[in-house]
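Hi,

Here is the structure I said I would pass on. Have a look at it first, and then read on for my notes.

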Amino acid sequence: MLSQPFSVTFNSSDNQTITIESGKLARQADGSVTVRQGNCIILATVVATREPKEGQDFFPLSVDYQEKFASAGRIPGSFFKREARLNDYEILTSRLVDRALRPLFPEDYFCDVQVLINLISSDPEVMPDALACLAASAALAVSDIPIKEIISEVRISRVDGKMVVNPTRTELEKSDLEFIIAATEKNLMMVEGEAAECSEEDLIQALQMAHDAIRIQIKAQSELREKVGVAGKRDYTKPETNEALQQKVVAFAKDRVYQISRAGSSKHERSEGYDQLKDELIASLGEEISDTDKKLAKKYYEDLKWEVVRNMILDESIRLDGRSLDQIRPLAMETDTLPAPHGSALFTRGETQSLTTVTLGTPLDELLIESAAKSDYSKFILHYNFPPFSTGEVKPMRGPGRREVGHGNLAMRSLRQMMPGKDYPYTVRIVSDILESNGSSSMATVCAGSLALMDAGVPIGKHVSGVAMGLITRPSDGKNAVLTDILGDEDHLGDMDFKVTGTREGICGVQMDIKVDGLSMETMRQALEQARKGRLFILDSMYQCIAAAREEVKPHAPRMEKLFIDKEFIGAVIGPQGKVIQEIQRETGTTINIEEVGNYGEVSIFSPAKEGLEKAVAWIKGIVAVPEVGSTYESKVKSVMPYGAFVEFLPGKQGLLHISEVSWKRLETMEGVLNEGDMVKVKLIGIDHKTGKFKLSRKVLMPKPEGKPQESRESRES
């Protein structure tokens, strides 16, 4: 007989009813739950191996979030009509959960853990990514997998000046501030989001309100765990230790590690010094040392480096490259670096360098972003590439990993705040290639991207810069140090990675990961203020490099002109099976996009050449022009008949130039008078409204012979 499932229902701070249930679905997993809000249902499962792999010395956690298209009653648009690899949105959601969960596990826990989160029912107004971490944490809570604490995540936005927890999709579209925040009962763990130049205090307020909402969700998970009756957490095999060996490592290497660390050398010099010392350490232990002890010795050596560098920073305020705690590394930047791209910039900060390009495209280049709930197009794209040579390594070149997707997303969200509105006709693609990396290449991407946008003539009103902050803490005496513009080693050795982007007026993007318990709001305020000063310092240099966006796009960038035509003319411009618009594009070398907006058509014409643009504009204006009796037109003879010639006086509009209207002289035949392809100026003298035929005259534009009364065919016929 099947057991009854257990569930807990609670209201969030905005009276959103959420239900967590366990024991009904996926019961062979170590832990499984469903989280429901409205019609949105997320299934989260967690499974962990009982023993770590032999010799494993790291924690192999994998988190995958995927949206099933059936959840929204849709069939995937791919060739195979099934869900494929995770898209960028799913990868970013997976990263949000991973970064929050990872610190929950004991440092000596090396068993494989797999967390799978699936959207199985979709609600058009509920944002499922804000519930994904709640589901994953609840699955862990009802399992016997050893975790230190329960956590949760919420999204907080500011809509019409009011902070809202887990806003609906409609509310989110109107927000000017959006952060996803993860926390335990006591401590913040992760922050990611964007804002339209919010203040530091706005961010603090959002963090505090989010933490209150998270505590409600943690309490509900604890209640569910009690109902399920989790007996306790499983035992696991801990890695081997050797205290005597550890003491030998410390005695041999501590002073030398300190000397190398405080020398203020470059990354490569420092790495060579550390590696040489490690080789000497292993040699000092003798040839009889076992492979296990050799591996342990290397681990203890890395632990020693971690301790020495942290104490050096805390006790002496000395950093690895000799800077003060709040000092930015040397800056170098330039624009118009490459001749062919539409915009380019090279940004170097210390040993981190980004070569960034901007390409201007047409609406046909927009990016389709497809999820279970909706499909949308984006006119702003940013791609971040991190080749192995940037860190002096040899690695296989594959597609972008989750790190590249995450770093690119942070830069994209930050720069998006300054992009022109929906009326801006171009699709803009930024590509950041990291050529050198030693800390915060994502922030270099933001700075280089801002410079390249201005170089391309994209009308952004302000520069956006970014800086990565670090934190070193020592719980034994409560001492801490906030570091500005952290190095790669300082990121690895530190307790916080806190990236802040923005303009002179406010914050545009934030990404924060905490590795320790107990980040006070006082420390947060100090980090934000130090980040603000660093951001302003970098911005001053950026404005000296290029103060404002170029007034025009570069000569080789596509030109654009926009026309608005009556809705009834859209079909005429496109033509049967697209023949007319294809002919215009082929003959003028342009790209034309037509969108129906209300009662009119919006025609965007793109061309790398001014002549082609002008020709296409004139062509389309001719198609949509309304012929006026009495107007004169330059026409082209399309065919010649015994009784006259048919001429095209406007694109797609032809009329008969009767033989009697060709000349004041009486003509017996059209032979030798006009030929197909001739250009001839005519006047529209009448329209037969019953048949829609146009009556044209050439002779009325010619000098009238003396003594001959001026008359037209119409007057004779009348």
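Let me start with a pair of rings: Phe-105 and Tyr-109 are both buried. Keep in mind that this is a predicted model, so everything below is computed from it.

**Aromatic rings**

A pair of aromatic rings is described by the distance of the centres and the angle of the planes. For Phe-105 and Tyr-109, the centres are 6.0 Å apart and the planes sit at 5°, so this pair counts as stacked. These two also belong to one aromatic cluster, together with Phe-59 and Tyr-236. The count of aromatic pairs comes to twelve.

Another of the pairs is Phe-564 with Tyr-600. Here the planes are at 75° and the centres 5.4 Å apart, so the pair is edge-to-face. Phe-564 is part of strand β22 (residues 559–566) and Tyr-600 is part of strand β24 (residues 600–607), so the pair ties together parts that are 36 residues apart in sequence. Is Tyr-600 buried or exposed? Its relative accessibility is 34%, so Tyr-600 counts as partly exposed.

**Nonpolar cores**

The largest nonpolar core has 106 residues, and the members that touch the most others in it are Phe-179, Val-428 and Phe-498. Which helix gives this core its largest share? That is α7 (residues 291–316), with ten residues.

If you want to look around Val-428, leave out residues up to four places away in sequence; it then touches Val-358, Thr-359 and Leu-360, Lys-379, Phe-380 and Ile-381, and also Met-419, Leu-453 and Val-458. Apart from the largest core lies another one, of 48 residues, including Cys-40, Ala-44, Val-63 and Ala-132.

**The cavity**

How many cavities of 30 Å³ or more does the structure hold? There is one, and the volume of the largest cavity is about 40 Å³. Its lining is made up of Glu-21, Ser-22, Gly-23, Lys-24 and Leu-25, then Ser-32, Val-33 and Thr-34, and finally Leu-43. Sorted by class, that lining has four polar, three nonpolar and two charged residues. Strands β2 (17–22) and β3 (31–37) each supply at least two of the lining residues, and β3 gives the most, with three.

**Two acidic residues to click on**

Asp-315 lies in helix α7, the helix that supplies ten residues to the largest core. With a relative accessible area of 44%, Asp-315 is partly exposed. Not counting residues up to four places away in sequence, Asp-315 touches Arg-474 and Lys-479. Its C-alpha atom is separated by 9.5 Å from that of Ala-481, although the two residues are 166 residues apart along the chain.

Glu-552 sits in the loop between α11 (521–545) and β22, the strand that also holds Phe-564. At a relative accessible area of 58%, Glu-552 is exposed. Where neighbours within four places in sequence are left aside, Glu-552 is in contact with Gly-457 and Arg-559. As for Met-412, it is 140 residues from Glu-552 in sequence and 23 Å from it in space, C-alpha to C-alpha.

That is what I have so far.

Best wishes

Conventions. Residues numbered from 1 in each chain as written. Predicted model: local features only at pLDDT ≥ 70, side-chain atom pairs only at ≥ 80, totals over all residues. Heavy atoms only, no water. 1 Å grid on protein atoms, 1.4 Å probe; cavity = no way out; pocket = protein on both sides within 12 Å on 5 of 7 lines; lining within 4 Å. Points joined across faces, edges and corners; volume = space filled by probe spheres on them. Helix = DSSP H or I, 4+ residues; strand = E, 2+ residues; numbered from the N terminus. Nonpolar A, V, L, I, M, F, W, Y, C, P; charged D, E, K, R; others polar. Core = buried A, V, L, I, M, F, W, Y, C linked by side-chain atoms within 4.5 Å. Buried < 20%, exposed > 50% of the residue type's maximum accessible area, 1.4 Å probe, protein only. Contact = heavy atoms within 4.5 Å. Phe/Tyr/Trp six-rings, centres within 6.5 Å; stacked < 30°, edge-to-face > 60°.
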